Structure formats: C-alpha cells, structure tokens
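Reader: Got a minute for this model? I'd like to go over its cavities and one of its sheets.

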Amino acid sequence: MKHSLFSIVVLFGTLSITLNCFAQAKSKPNIVLINVDDMGWKDVGFMGSQYYETPNIDSLAAMGMVFSNGYAASANCAPSRASLMTGKWTTRHGIYTVDNSERGQSKHRKLIPTKNTVTLSKEHEIMPEILSKNGYITCHAGKWHLSNNPLAYGFQVNIGGAHNGHPKSYYPPYKNVNLTGEPNQYLTDLVMQHTLAFVDSTRLPFFLYYAPYAVHTPINPVKSLLAKYENKPSSDGQDNPEYATMVENLDRNIGLLIAKLKAKGIFDNTFIIFTSDNGGLYGITKQRPLRAGKGSYYEGGIREPYIFAIHDKITANTKSDVPITNLDILPTILAYAGIDEKTLETDGNDITAILEGKETELDRPLFWHFPIYLQAYNVHDNENRDSLFRTRPGSVVRYKDWKLHYYFENNEVELYNLADDIGERKDLTLKEPEKTEEMLNLLKVWWSKTNAPIPQDLNPEYEGDI
C-alpha cells in the first residue's frame, strides 16, 4: 500500500499531537477536594481529638502539610461552599446563609437584614467549569447545596448532589437524596461506593469534589460502632457516641478512597485537599479551646482542619501557622494543574509557595461578612454573644494575631489577640484603642472595596433591648 509523503507527514503530525496531549494529560495531577460537612477544627485526631477516631485522615495528614490557622469563608454551609467554588468573598456572590435571612423572632431583630441569595449565580466561573474546559473529567459526590443540579455548573458526573443541605436520613430511603442503596446501606457508604466506581472507570486527569453529607445532622449513628463509643471516656467536651460513629464511618470511607488511588497507581500524582465547610455543631461537639461553633464568627464557627498533600511537592509531616481560607483553594488548585486563567478574579491567594516551604508568611487580612441574623439553637451554654442568636449582623477581620468583631445594630466592637487568647475571652477594645481603630479601618476599606451591604433600616417590629 502506497502513501504520499504528504500523507505520512500528516499521519506523523497527528500522532505527535495525540502523544503530546496524552503526555500533558498524564503529567497533570488528579485533584481530590474533600469538603466535609460540619466537621469542627478539633473533630479529627491530627488536630488533637482524643475521642473521635480518624486513623485514615490522620495518615493523610502525615503525608502532607497541616494548617493550624485554616478558615472557612463563612460560619455556615451554603456561603462557605459558594466561596470555595468561586474563590470570592461572600459579598461578591450574596449567599450569606441557608434560605431566609430573617432568622429568629422579629421582635428581637433591631435591623432589617440583607436579603439572602440562595442559588449561585451563573455569572461566576467556578472551579469545575475551569477545570473541565482545561481537560479534566469532573465529578461531584455528595452535598452540593448551591443549585438544583451541579451538572449545570461544570460537573460531568453527579453523585447525589442537589439543592438540599442535608439528608433526611442516612438510612434508606434517603428521601431527599436521589440515590438508591441496598437495605440498611448507610448514605456515606453509598456515596463512596459510587465515587470509587467513578475513579475506577474515568480517564485521567480527573477532578473529584468529594463533599459527603456527613457529618451534618440528622445524627444517625452507625449501629455497629455505638458500643465502642458508649464505653469510651469523654475528652475535652467531646462525648457524643452517636456523632463519633459518623466521624469514624466517614474516616473509613476516606481510607477506601485513598486505597483506591494507590491501587490504581495514581496516588502519587494526585493533589489532595481535606477541609470542612464550617465549625462543628455546638451541643453535639466542642472545639476547645475555641469558642462556640457552627453559625458563630468566634473561632469555633470558622476555624477548620486543613490538609494539603501531593507526593514529591509538599513535604510530609509539615505544619504551618499561616492563616489561610478556603478562598485560597481555587487559585492553588489551578496552580498545581498548570492552568493560567488570566481573566479570573479571585479574592484568595495561590499558596503553593507556603505548601512547598519556599515562603513562611502571607501578609494579608482575612474578612467575614454576615449582614443577617442566625438564631441560636441552644439558649444554655452556647458560648455565643447572647442566648438568642449565634450571630447578629456584623463583620469580622483577622490580621496577623489580631481579630476584631463589629456589630451593626449598635456599632459595637470586640478585639482579641488570638496569640494570647485563642478562646476569645478577653476583649481588648478599651486597652488597645489604637489597634481597635487600625482594625476597624481595615474593615471599612474592605466594605468599600467589595460593596458590602450594610443593614441600616430599623425593624418596626423590634421590641427593644432584651
């Protein structure tokens, strides 16, 4: 059979392009982003828990870098997840809470809160969309909570994700989670079963956003594990055996995922990030010495466990005290994927230099904005500012060791030095007026820069100070 010289050149050129594309795809790391629901800063062994058992997560932590000052962009799930996906402050996307912003009784709300957005606008180009158009196969597994369907936001595979914030049950029928399992199959096990099937069948490179519904309520215990924790001594406020079984079951499933990556020979070329969307649910779990929990802008509501791991790039068994936020995850993922989105605007930082030990500091303030009300769920011993609300409308700024809370109702402030007072018990506003003013100025500049909505209209149904 004869071929012209032109045909041979074209054939060789096509083969070269195909091989080059294959080589590029092979060199790009797979990306696994694990975003646990409601797991507190100290709900894992590598952060110091003596009650919960998380050997697989702890093993992952030993393979990479752990952050002691890692934060979520919000103290509750939907806004935190929107910021994770966009890399933007909550003021940019307008999602501040779940559902209505008028939480708690109207007679206790002095101000009319900012209206909340419940579905992430398509005007934002988000993580899976960017990765998909750059050659990644994208899979969402578990909780989405930002729209009715993650497939409309750049994911090519969806395992159980919709607008619901939690399952109605972890045992079948799951009701509001569109998955069908075996009789008595725990939901976290079922989601991982489908996730492992995706890893087995997909081509490389892939992006897996593993966002298990666990360990959010309802607290449905894994029955086979209950006896162990019922007979285990409590530790530093952690003593709920039912919740502990959910933590261990989640850990087991993450162990299955890591084992699958290793069995396929792709673990070493997989960038893994582990974190949570907000603090632990106070009353179910505690994060001592941090104050309060989910929904609060004290440290217990926003400080999270963090792991970053990738073989031969991030040194094993390393730790960092640099304050980071889940806004940093998007630019960092793009950096490791070799994607340069010149038109993409994010509020986070690429932290690869920190992860790889080339830098040890990141000089910038971090901000939180919550122009709405969120009622307290336990009026006794809730560690919040008052018994009625986990938080009232306000903003928070952290810069270096200093943290300032600002409340819009009465223009009140609280100032803490986290280096000396991680539990935020000693308000230094009066002792440090210059530092208070400096921090407040940072906040005012940020309000202006981000067009932050500030509630000012008085609520006519308000019945005065309680």
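Author: Sure. A definition to start: Ala, Val, Leu, Ile, Met, Phe, Trp, Tyr, Cys and Pro count as nonpolar, Asp, Glu, Lys and Arg as charged, and the others, Gly among them, as polar. Keep in mind that this is a predicted model.

Reader: How many residues of each class line the second largest cavity?

Author: Three nonpolar, four polar and two charged. Tyr 282, Ala 376 and Tyr 377 are among the lining residues, as are Lys 294 and Arg 390. The space inside is about 40 Å³.

Reader: How many cavities of 30 Å³ or more does the whole structure have?

Author: Three. The largest holds about 140 Å³.

Reader: Which residues lie nearest the centre of the largest cavity?

Author: Tyr 297, Thr 391, Arg 392, His 405 and Tyr 407, out of 18 lining residues. Two or more lining residues come from each of β10, β12 (389–391), β13 and β14 (402–407). The lining splits into eight nonpolar, six polar and four charged residues.

Reader: Now the sheet. What is the strand order?

Author: β10-β13-β14-β15, an open sheet of four strands with antiparallel pairing. β10 (366–370) and β15 (412–417) each have a single partner strand, so one side of each has no neighbour in the sheet. From one strand to the next, the twist averages 10°.

Reader: How many bridges join β10 to β13?

Author: Five, and the two strands run antiparallel. β13 covers residues 394–399.

Reader: Which residue of β13 is opposite Leu 366?

Author: Arg 398.

Notes:
Residues numbered from 1 in each chain as written. Predicted model: local features only at pLDDT ≥ 70, side-chain atom pairs only at ≥ 80, totals over all residues. Heavy atoms only, no water. Pairing = 2+ DSSP bridges. Axes fitted to C-alpha atoms, helices over the stretch in contact; angles between N-to-C directions. 1 Å grid on protein atoms, 1.4 Å probe; cavity = no way out; pocket = protein on both sides within 12 Å on 5 of 7 lines; lining within 4 Å. Points joined across faces, edges and corners; volume = space filled by probe spheres on them.
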